[in-house]
Amino acid sequence: MADIHYATPSRKRIFEFLKESNDKAVTAADVAEYLAGQNYSVNITTIYRYLDKLAKEGTIMKYVAEKGSQSAYQYVEPGRHCEKHLHLKCVRCGRIIHLDCHFMDEISNHILQDHNFMLQCRNSVLYGLCQECREKDNSNSVL
């Protein structure tokens with residue numbers, strides 16, 4: 001868990017933003033934009049450094065970006081056990097859905113038994129469209 005007792009004012013604001021945005025992944029640029037909107041200037045390097053610290057502690061998840069894209073981060077509620085399940089990310093709105101159901105055990109067992117491969121769920125993401133974005137499109141087409 002993040003060391004809030006040693007948090008500077010900028011770290012407190014960053015942490016608050018991450019907690020408020022816990023239903024989606026945000027980038028360092030999103031954090032910087034939020035802070036600027038609060039009339040609070042923080043160097044982007046400071047933001048990245050703190051996000052990486054929180055990711056190492058397990059307070060947030062870091063989703064590594066494809067080449068040319070920014071990494072994204074999401075606050076992890078205590079006890080959520082994100083290292084044990086996959087995550088679904090909407091490519092349109094950025095919403096993150098935790099796939100923390102019993103089906104994960106079946107998937108993991110199948111992959112291990114049939115493919116001799118142990119799945120690492122931490123930071124693993126499947127991309128697609130959430131229900132709300134599909135409904136906005138009035139389409140159920142595949143990307």
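Start your tour by selecting Leu 86 and Leu 99: Leu 99, in strand S4, is the bridge partner of Leu 86. (Strands are DSSP E runs of at least two residues, helices are H or I runs of at least four, and both are numbered from the N terminus.) You are looking at a predicted model, in which local features need pLDDT of at least 70 and side-chain atom pairs count only at pLDDT 80 or more, while totals for chains, interfaces and linings use all residues. Residues are numbered from 1 along each chain as its sequence is written, and side-chain values use heavy atoms, leaving out hydrogens and water.

**Around strand S3**

Now select residues 86–90, strand S3, and residues 96–99, strand S4: four bridges pair them in the antiparallel sense. (Pairing takes at least two DSSP bridges between the strands.) The two form a hairpin with five residues between them, and in the turn you will find Gly 94, with a positive phi of about 85 degrees.

Next, add residues 125–128, strand S5, which runs parallel to S3 and is joined to S3 by four bridges. Click on Lys 89 and look across to Tyr 127, its bridge partner in S5. S3 itself is mostly covered, with four of its five residues buried. (Buried means under 20% relative accessible area with a 1.4 Å probe, counting protein chains only.)

**Along helix H1**

Move on to H1 and show Ser 10, Ile 14, Phe 15, Phe 17 and Leu 18, which are buried. Look down the axis of H1: the buried residues fall within an arc of 160 degrees, so they line one face of the helix. (The arc is taken from the directions between the helix axis and the C-beta atoms.) Among the elements covering these residues are H2, helix H3 (44–57), strand S1 (60–63) and S2, where contact means heavy atoms within 4.5 Å.

**Two aromatic pairs**

The whole structure holds two aromatic pairs. (Rings of Phe, Tyr and Trp, the last by its six-membered ring, pair with centres within 6.5 Å; planes under 30 degrees apart are stacked, over 60 edge-to-face, and the rest tilted.) Select Phe 15 and Tyr 75: their ring centres are 5.7 Å apart and their planes stand at 90 degrees, so this pair is edge-to-face. It links distant parts of the chain, since Phe 15 is in H1 (residues 9–20) and Tyr 75 in S2 (residues 72–75), 60 residues apart.

Finish with Phe 17 and Tyr 34, a stacked pair at 4.5 Å centre to centre with 20 degrees between the planes. Here Phe 17 of H1 meets Tyr 34 of helix H2 (residues 28–37), 17 residues apart, and both are buried.

Methods. Buried < 20%, exposed > 50% of the residue type's maximum accessible area, 1.4 Å probe, protein only.
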